[in-house]
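Visitor: I should like to take a close look at a single part of this model. Please choose one helix and describe its surroundings in detail.

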Amino acid sequence: MINIVVSVILLLVVIGLTAGFIIYGLKNGASGIKIMLYGIGIILLGGIIAVDPDSYLGGFEYLIVLVGLLISLLGLKKKD
C-alpha cells in the first residue's frame with residue numbers, strides 16, 4: 001500500500017514538473033526542438049520503467065509515455 005502511495009506522489013510530481021516546463025517554455029519562447037527533445041526523453045523514461053520487470057506502477061508507466069508523446073506533439077506544432 002505504501003508503494004502505491006509513493007508511486008502516485010512521484011507521478012504527480014513528474015506531471016507537475018512537466019506541465020511547468022511546458023508552460024514556461026511556451027511563454028519564454030523555447031524552440032519546438034527543445035520541447036520535442038524533452039518529450040522524447042519522457043517517452044524513453046516511461047519505456048524503461050514499463051520494460052523493467054521489477055517495477056509495477058499499475059499502468060502509470062504508460063501514462064508517462066503518453067504524456068511524453070503529447071509533449072512531443074506540442075513541440076512539433078510550435079512554429080519557430
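**A close look at helix H2**

Guide: From the N terminus onward, the elements of the chain follow the order α-α-α. The model is a predicted one. The chain holds 3 helices and 0 strands, and its C-alpha atoms fill a box of roughly 45 × 20 × 10 Å along the principal axes. Of its 80 residues, 21% count as buried. Among contacts between residues at least 6 apart in sequence, 67% join residues at least 24 apart.

The part chosen here is H2, which covers residues 32–51. H2 has 20 residues and spans 29 Å from its first C-alpha to its last, close to the 28 Å expected at 1.5 Å a residue. Its buried residues are Gly32, Ile35, Gly39, Ile42 and Gly46. Viewed down the axis of H2, these buried residues fall within an arc of 90°, so they line one face of the helix. On the other side of H2, the exposed residues are Ile33, Lys34, Leu37, Leu44, Ile48 and Val51.

The buried residues of H2 pack against two partners, H1 and helix H3 (60–77). Consider H1 to begin with. Two packed helices are described by the angle between their axes and the distance between the axes. The axes of H1 (residues 2–27) and H2 come within 11 Å and cross at roughly 170°. Angles over 145 degrees count as roughly antiparallel, and H1 and H2 are therefore roughly antiparallel to each other. In this contact, H1 contributes Leu17, Thr18, Phe21, Ile22 and Leu26, while H2 contributes Ile35, Tyr38 and Ile42. The residues of the contact divide into 7 nonpolar, 1 polar and no charged. Ile35 and Ile42 thus appear both in the contact with H1 and among the buried residues of H2.

The other partner is H3, where Ser72 has its place. Ser72 is buried, with a relative accessible area of 10%, because buried means under 20%. Leaving aside residues up to four places away in sequence, Ser72 touches Met36, Gly39, Ile40 and Ile43. One of these, Gly39, is also listed among the buried residues of H2.

Between H2 and H3 runs a loop, and Gly58 is located there. At 48% relative accessibility, Gly58 counts as partly exposed. The C-alpha atoms of Gly58 and Ile4 are separated by 8.5 Å, although these residues are 54 residues apart along the chain.

Technical notes. Residues numbered from 1 in each chain as written. Predicted model: local features only at pLDDT ≥ 70, side-chain atom pairs only at ≥ 80, totals over all residues. Heavy atoms only, no water. Axes fitted to C-alpha atoms, helices over the stretch in contact; angles between N-to-C directions. Helix = DSSP H or I, 4+ residues; strand = E, 2+ residues; numbered from the N terminus. Parallel < 35°, antiparallel > 145°, perpendicular 65-115°, else oblique. Contact = heavy atoms within 4.5 Å. Nonpolar A, V, L, I, M, F, W, Y, C, P; charged D, E, K, R; others polar. Expected span 1.5 Å × (residues − 1). Buried < 20%, exposed > 50% of the residue type's maximum accessible area, 1.4 Å probe, protein only. Arc of directions from axis to C-beta.
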